[in-house]
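Biologist: Got a minute to go through the helix packing with me? Pull up the model and let's have a look.

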Amino acid sequence: MKLVSVSPPTSLPAVTLAERVYAQIKQLIFDFALLPGDRFSESDLANRVQVSRTPLRQALQRLQREGFLLVFPKSGWQVAPLDFETFDQLYDLRVLLETHAVAKLCEAEERPALKDLADTWLIKPHERQTAFITVDKLDEEFHSALVRATGNAEMIRVHEDITERIRIIRRLDFTKPSRVEATYDEHARILRAITRRRTDEAQRLLKAHVAQSKAEVRHITLDMLYQARQRIASGQ
């Protein structure tokens, strides 16, 4: 997907420009228009996204703090290489948090979160969403809702950080229609197990669901990187 550059109005405050540039550069990274390992200067990127240096630098510094970019004094910026070992560790931590959340939900007397989740996921096949961008957001919300239901502010904070850091590869899981269907089916089974207070079953289903997603996104990510590099090599 090719990102269209848009020049923000100069009357907008700098913080707003920085937010828009941040989102634009992040999308370039997510779309592999800026490849992992690519180096660039601020002046080159300023021309590409059509913005002045101050909001650009603010956006770059934010992306650096979030781990998407690396900065090298006197030699510019680099898109952080994909570190699958770190992603594996983040997925492992995510599973620990979410299985704990599932156990809490199975034990809780009041479980208002389950109704909203059921309204989204326990639906007939013809009612399901198919747009991968929509399902991507719904999937994030499903897993986040499980953790939020614990009421543990620190768990929620850590889980939100993990979600942000793995988003660059996780979202690719829904570019295949078969994975969209599988996600609906797997979420439904997890919810039914939680509703019936079957803790062991719900945790087992959740672990299998996340493991399958992790395997899929690794394969898709590597394939997309290969295709992006092939396009660059052929001058397309």
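Modeller: Sure. Keep in mind that this is a predicted model. Helix 4 and helix 6 (residues 132-148) pack with their axes 8 Å apart, at an angle of about 60 degrees.

Biologist: Which label fits helix 4 relative to helix 6, then?

Modeller: Oblique, because an angle of about 60 degrees is neither under 35 nor in the 65 to 115 range that counts as roughly perpendicular.

Biologist: And what's the handedness of that crossing?

Modeller: Helix 4 and helix 6 cross left-handed. On the helix 4 side the contact uses R94, E98, A101, V102 and L105, and helix 6 brings H143, L146 and V147. By class, that contact has 5 nonpolar, 1 polar and 2 charged residues.

Biologist: OK, switching partner. How do helix 6 and helix 8 cross?

Modeller: At roughly 20 degrees, with the axes of helix 6 and helix 8 (residues 177-195) coming within 11 Å. The two are therefore roughly parallel to each other. That crossing is left-handed.

Biologist: Who makes the contact on helix 8?

Modeller: V180, T183, Y184, H187, I190, L191 and I194, against V135, L138, D139, F142, H143 and L146 of helix 6. They divide into 9 nonpolar, 3 polar and 1 charged.

Biologist: Now the core. Which residues touch the most other members of the largest nonpolar core?

Modeller: I25, L56, L146 and I194, out of 63 residues. Helix 4 (residues 84-107) gives the largest share of this core, 10 residues.

Biologist: What does I194 touch, leaving out residues up to four places away in sequence?

Modeller: V102, L105, C106, R111, L114, L146 and A202.

Key. Residues numbered from 1 in each chain as written. Predicted model: local features only at pLDDT ≥ 70, side-chain atom pairs only at ≥ 80, totals over all residues. Heavy atoms only, no water. Core = buried A, V, L, I, M, F, W, Y, C linked by side-chain atoms within 4.5 Å. Buried < 20%, exposed > 50% of the residue type's maximum accessible area, 1.4 Å probe, protein only. Helix = DSSP H or I, 4+ residues; strand = E, 2+ residues; numbered from the N terminus. Contact = heavy atoms within 4.5 Å. Axes fitted to C-alpha atoms, helices over the stretch in contact; angles between N-to-C directions. Left-handed = near helix turned anticlockwise from the far one by under 90°. Nonpolar A, V, L, I, M, F, W, Y, C, P; charged D, E, K, R; others polar. Parallel < 35°, antiparallel > 145°, perpendicular 65-115°, else oblique.
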